[in-house]
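Me: I'm new to this structure and would like a close look at one part of it. Could you walk me through how its helices pack, and then place that in the wider picture?

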Amino acid sequence: MPRSIYIHTLGCKANQYDAEQLAEILRRAGFGVCGADAVPDAVIVQTCAVTGEAERKCRQAVRRFRHRFPEAAIIVTGCMANLSPEAVKECLPEADFVIPKTETAHLPELITKVTKNAPEAEDKTARLPLQNMQQNIRHKSKAYLKIQDGCDRFCAYCIIPYARGAPASKPAEEIRRELEAAAAQGFRHVQLVGINLAAYGSDFADGTTLADAVRLCEQAAPFFPQSYSVSFGSLEPDLLTEELLAGIASPLLLPQFHISLQSGSDTVLRRMGRRYTAAEYAEVIHRVRRHFPAAVITTDVIVGFPGETEAEFKDTVRFVQKMGFGKVHAFPFSPREGTPAAAMPNQVPQEEKKKRVAALLV
Ligand code: SF4
């Protein structure tokens, strides 16, 4: 009997993609990757550290699995483990192992050592890399293809730059292979995702941009059925220049854009360390609509950032009403220890944040 591993993933699409990669490493080593309804030999919790609330949910999940599967090895990986494995070990004695991303390649050895059943001998039939990639990127009906990781913007509320490090873009050759694998797997839609997706290529220093990733998608079109389409994960507004928008135009691209706003108040945006004013954000949205007249634009807003006054909040409400978003995701500010915002004065009471979220979504 091969050992069976359940991978529980919290957080963003980049995390989901990382979990798929982990699953592939384990499959190649002869393990079975099972669903939540099986009784696994090991549970891997792919954690998210984006907010204090996200971390709380991760801790809760680890405790729940410890209770539900007392015999299984519980392994914590993902952003919480990257940030501070020591802190995770301390606050989660229920976890047997805490493994940062740099060490996940050794997970098969670790699981072999700590679980009872031997895995089946590795499949020696030399699976093609393409087949492996197919499993790697499978995610429901849509293939998420992570082409960028990391961020160096250090917005005041965000832990991601500490957890995921500097921007790193995926080379064209790898993207090509993963697109072909997605096609072979029968996917008809590929969503390109990244932590700071619009910055794709900025670390290559050869002028590569997100437009080049779109060209790769176009070149892969013959491998897909006719209805193949492409979309983007979340985009940072200030990087959406005229040139980039012209470059990403493609018959394959669905005109759906998720462009993070976070606040419609200039003073709050400044305190957040965002790189635009409300007027500049509005200009970006007009620019997107000029290039893509049918664009549906969605956004995120953080409500109750430290020191957010009633007047600043009202600025955000007015701004959101004016922009005609397809959908607004409003989150109450959740302090994340280790970020400047967590230590800022004038934290907004929880009740007030709740009220403001409700008011914004009316
Ligand atoms: S741009 Fe800001 S919010 Fe987005 S990942 Fe980077 S630091 Fe975090």
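Reply: **Helix packing, up close**

Helix 13 goes past helix 14 in a right-handed crossing (that is, the near helix is turned clockwise from the far one by less than a right angle; anticlockwise would be left-handed). Keep in mind that this is a predicted model, where local features need pLDDT of at least 70 and side-chain atom pairs count only at pLDDT 80 or more, while totals for chains, interfaces and linings use all residues. Residue numbers start from 1 along each chain, following its sequence as written.

Helix 13 covers residues 310-323 and helix 14 residues 350-360; their axes come within 10 Å and cross at roughly 20 degrees. Helix 13 is therefore roughly parallel to helix 14 (under 35 degrees is roughly parallel, over 145 roughly antiparallel, 65 to 115 roughly perpendicular, and the rest oblique). Axes here are lines fitted to C-alpha atoms, for helices over the stretch in contact, with angles from 0 to 180 degrees between N-to-C directions. Helices are DSSP runs of H or I with at least four residues, strands are E runs of at least two, and both are numbered from the N terminus.

Who touches whom? On helix 13, Phe313, Thr316, Val317 and Val320 meet Arg356, Ala359 and Leu360 of helix 14 (contact: C-beta atoms, placed from the backbone, within 7 Å). Sorted by class, that contact has 5 nonpolar, 1 polar and 1 charged residues. Nonpolar covers Ala, Val, Leu, Ile, Met, Phe, Trp, Tyr, Cys and Pro, charged covers Asp, Glu, Lys and Arg, and the others, Gly among them, are polar.

Now for another pair. The axes of helix 8 (residues 172-184) and helix 9 (residues 210-219) come within 10 Å too, crossing at roughly 40 degrees, so these two are oblique to each other. Helix 8 also passes helix 9 in a right-handed crossing. Ala172, Ile175, Arg176 and Leu179 from helix 8 meet Ala213, Leu216 and Cys217 from helix 9. That contact holds 6 nonpolar, no polar and 1 charged residues.

Stepping back, the domain assignment lists domain 1 (4-114), domain 2 (138-238) and domain 3 (255-362); such bounds come from an automatic or database assignment. The C-alpha centres of domain 2 and domain 3 are 24 Å apart. Across that boundary, 15 residues of domain 2 are in contact with 22 residues of domain 3. The domain 2 side of this contact splits into 10 nonpolar, 3 polar and 2 charged residues.

Key. Contact = placed C-beta atoms within 7 Å.
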